[in-house]
Amino acid sequence: MVKAYELRGNSKEELLKMLSEQRKELSELAVAKVTGGAASKIAKIKSVRKNIARILTVHNQQQKEGLRKAAAGSKYLPKDLRSKKTRAMRRALTKAELSKKTVRQRKREEAHPEVKYAVKA
């Protein structure tokens with residue numbers, strides 16, 4: 001069984017090589033299952049599938065990290081690297097946009113400031 005932390009140190013080529021080996025082993029195990037192979041081989045199928053998933057996960061993480069580094073200085077981030085949030089949150093006004101006031105609103109607030117009352121104790 002391969003561990004994810006062990007895979008992170010490997011290069012892209014090593015990961016793809018390991019992936020092809022695992023896939024080849026999986027196909028051999030699938031053949032053994034069909035032909036009525038040993039129970040140990042049939043039980044091994046699950047671990048090999050999980051290994052393939054781990055290798056693919058680490059590979060995809062490395063690719064995404066490379067894309068992030070490449071897009072670091074650019075004006076726009078690719079859509080798959082942007083934060084997902086929710087549709088409503090993405091379309092909501094920014095804090096700067098929320099704090100802006102129209103000329104009419106500023107004049108009205110200036111003409112009629114909030115009245116402060118002194119309350120007798």
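1. A residue is called exposed when its relative accessible area is over 50%, buried when that area is under 20%, and partly exposed in between. Please keep those cut-offs in mind, and remember throughout that this is a predicted model. Lys-85 is a good place to try them out: its relative accessible area is 55%, so Lys-85 counts as exposed.

2. While you are looking at Lys-85, check its backbone too. Most residues other than glycine have a negative phi. Lys-85, which is not a glycine, has a positive phi of about 50°. To find this residue, go to the loop between α3 and α4, where α4 covers residues 87–91.

3. Thr-86 is also in the loop between α3 and α4. Its relative accessibility is 39%, so Thr-86 counts as partly exposed. For a sense of distance, try drawing a line from Thr-86 to Lys-44: these two residues are 42 apart along the chain, and 41 Å separates their C-alpha atoms.

4. Now for the pair of helices that I would look at next. Helix α2 spans residues 12–34 and helix α3 spans residues 39–70. Their axes come within 9 Å and cross at roughly 155°. An angle over 145 degrees counts as roughly antiparallel, and α2 and α3 are therefore roughly antiparallel to each other. The crossing of α2 past α3 is left-handed. As for what makes up the contact of α2 with α3, its residues comprise 14 nonpolar, four polar and seven charged ones.

5. Which residues does Gln-22 contact, leaving aside its neighbours within four places in sequence? They are Val-48, Asn-51, Ile-52 and Ile-55. Gln-22 itself belongs to helix α2. With a relative accessible area of 14%, which is under the 20% cut-off, Gln-22 is buried.

6. How many salt bridges does the structure hold? There are two. As general background, side chains of opposite charge can pair when their charged atoms come close. One of the bridges joins Glu-25 and Lys-44, with 2.6 Å between the closest N and O atoms. Glu-25 is in helix α2 and Lys-44 in helix α3, so this pair ties together parts of the chain that are 19 residues apart in sequence. Glu-25 has 22% relative accessibility and so counts as partly exposed. Lys-44, at 39% relative accessibility, counts as partly exposed as well.

7. Another salt bridge is formed by the side chains of Glu-109 and Lys-101, at 2.8 Å from N to O. Are these residues buried or exposed, or something in between? Glu-109 has a relative accessibility of 38%, so it counts as partly exposed. For Lys-101 the value is 39%, and Lys-101 counts as partly exposed too.

8. Finally, take a look at Lys-3, in the segment before α1, which covers residues 4–7. With a relative accessible area of 36%, Lys-3 is partly exposed. In sequence, Lys-3 and Arg-54 are 51 residues apart, and in space their C-alpha atoms are 7.7 Å apart. It is a handy pair to select when you want to relate the start of the numbering to the structure in front of you.

Methods
Residues numbered from 1 in each chain as written. Predicted model: local features only at pLDDT ≥ 70, side-chain atom pairs only at ≥ 80, totals over all residues. Heavy atoms only, no water. Axes fitted to C-alpha atoms, helices over the stretch in contact; angles between N-to-C directions. Helix = DSSP H or I, 4+ residues; strand = E, 2+ residues; numbered from the N terminus. Parallel < 35°, antiparallel > 145°, perpendicular 65-115°, else oblique. Left-handed = near helix turned anticlockwise from the far one by under 90°. Nonpolar A, V, L, I, M, F, W, Y, C, P; charged D, E, K, R; others polar. Salt bridge = Lys/Arg side-chain N within 4 Å of Asp/Glu carboxyl O. Buried < 20%, exposed > 50% of the residue type's maximum accessible area, 1.4 Å probe, protein only. Contact = heavy atoms within 4.5 Å.
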